[in-house]
Amino acid sequence: MQVRTRHTPYFGVARLLLAPGEVVLAEPGRMVATSYGMAIDARAHGGFLKSLTRAALGTEGPAVALYTAPAQGGWVDLAPSLPGDLHVLELDGKIGWCLSRTAWLAAPATVQFDPEWTGLQALFGGEGGFLTHVLGQGPLVLAACGALEVVTLKAGELITMDPGHVLAYADTVQVRLRAATHNGSQSIRTGEGLVFDFAGPGEVLAQSRDPRGLASWLRGAATVSRG
């Protein structure tokens, strides 16, 4: 799979170029167009697709779209639900990444999602959190809410970040999750009221807008319009 992006950094669209018979998985409902003859299957079923569905969205339901290129190959255009930049993360099979469950847009079948990775279990205390872990080879397409920023931490360099602005971070980064304040409420499932402490070396991918804040603003605007 090869990836070409356009209309970035504000309204990114990813074109996935597929070899004959190649399979790619994507977030459902994000297709803009495909070349003629592309097979589309949005049904969750056994094996890798079912595992990816649980990992990405925490559900057994039909939450992953599967695209298979015809004999002559083809392409798929995908656009994320929120406006913002796209980032193609080239996985090398050696370094894994932790990413927000809402961050991924498309992945080849050579990428494995593991929500039960030991590092996440230690971080969230065995409870289902708002991150998933990926490992494998190939281009993983991530969608940011707003602009994307790549933070490169040197060995021992520290940074604190709100979970809503964290898109992904490399396994090489040391991480701690803690309460933002002593008297506020916290949610392991959404990251509300929590902050990350990161220590290098490694990369942290950040997004300039928090999807939670955007969703809250939209709910408020809808309430005002109905009133």
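**Figure 1. A look into the largest pocket of this predicted model.** Sixteen residues would be a lot to label, so here are the ones to look for: of the 16 that line the largest pocket, Ser-100, Thr-102, Phe-130, Arg-189 and Thr-190 lie nearest its centre. The space in this pocket comes to about 310 Å³. Its lining splits into six nonpolar, six polar and four charged residues. Here a pocket is an open set of points on a 1 Å grid over the protein atoms alone, where a 1.4 Å probe fits, with protein on both sides within 12 Å along at least five of seven lines; lining residues have an atom within 4 Å of a point. The volume is the space filled by probe spheres set on the points, which are joined across faces, edges and corners. Ala, Val, Leu, Ile, Met, Phe, Trp, Tyr, Cys and Pro count as nonpolar, Asp, Glu, Lys and Arg as charged, and the others, Gly among them, as polar. This is a predicted model, in which local features need pLDDT of at least 70 and side-chain atom pairs pLDDT 80 or more, while totals for chains, interfaces and linings use all residues. Residues are numbered from 1 along each chain as its sequence is written, and side-chain values use heavy atoms, leaving out hydrogens and water.

**Figure 2. The second largest pocket, with Glu-27 among the residues closest to its centre.** About 240 Å³ of space lies in this pocket. Its lining has 15 residues, and Glu-27, Ser-81, Leu-82, Thr-102 and Ala-103 are the closest to the centre. By type, the lining holds nine nonpolar, four polar and two charged residues. Find Glu-27 in the loop between strand 3 (23–26) and strand 4 (31–34); strands are DSSP runs of E with at least two residues, helices are runs of H or I with at least four, and both are numbered from the N terminus. Glu-27 counts as buried because its relative accessibility is 16%. The cut-offs are under 20% relative accessible area for buried, over 50% for exposed and in between for partly exposed, with a 1.4 Å probe and protein chains only. Apart from residues up to four places away in sequence, Glu-27 touches Trp-104 and Leu-105, where a contact means heavy atoms within 4.5 Å.

**Figure 3. Inside the largest nonpolar core.** A nonpolar core is a set of buried Ala, Val, Leu, Ile, Met, Phe, Trp, Tyr and Cys residues joined through side-chain atoms within 4.5 Å. This one has 20 residues, and Trp-97, Leu-99, Val-134, Leu-140 and Leu-142 touch the most other members. Two or more core residues come from each of strand 8 (86–92), strand 9 (97–100), strand 10 (104–108), strand 11 (111–114), strand 12 (131–143) and strand 15 (166–170). Zoom in on Val-134: not counting residues up to four places away in sequence, its partners are Leu-91, Gly-96, Trp-97, Leu-99, Val-111, Gln-112, Phe-113 and Leu-140.

**Figure 4. Ser-100 and Val-166 in contact.** Ser-100 is found in strand 9, and Val-166 in strand 15. Both carry the buried label: Ser-100 has 14% relative accessibility, and Val-166 has a relative accessible area of 2%. Setting aside neighbours within four places in sequence, Ser-100 is in contact with Phe-130, Leu-131, Val-166 and Leu-167. On the same basis, Val-166 meets Ser-100, Met-161, Phe-196, Phe-198, Leu-205 and Gln-207. Phe-196 is 30 residues from Val-166 in sequence, with 8.7 Å between their C-alpha atoms.

**Figure 5. Arg-15 and its contacts.** Arg-15 is found in strand 2 (residues 13–18) and, at 25% relative accessibility, counts as partly exposed. Leaving out residues up to four places away in sequence, Arg-15 touches Gln-2, Val-3, Arg-4, Arg-6, Trp-75, Val-76 and Asp-77. Thr-34 is 19 residues from Arg-15 along the chain, and their C-alpha atoms are separated by 8.9 Å.

**Figure 6. Backbone oddities at His-7, Pro-9 and Pro-201.** Most residues other than glycine have a negative phi, and most peptide bonds are trans. His-7 has a positive phi, near 60°, and is exposed at 52% relative accessibility. The loop between strand 1 and strand 2 holds His-7 and also Pro-9. The Thr-8 to Pro-9 peptide bond is cis, with omega near 5°. Another cis bond joins Gly-200 and Pro-201, with omega about 20°; Pro-201 sits in the loop between strand 17 (194–199) and strand 18 (202–207).
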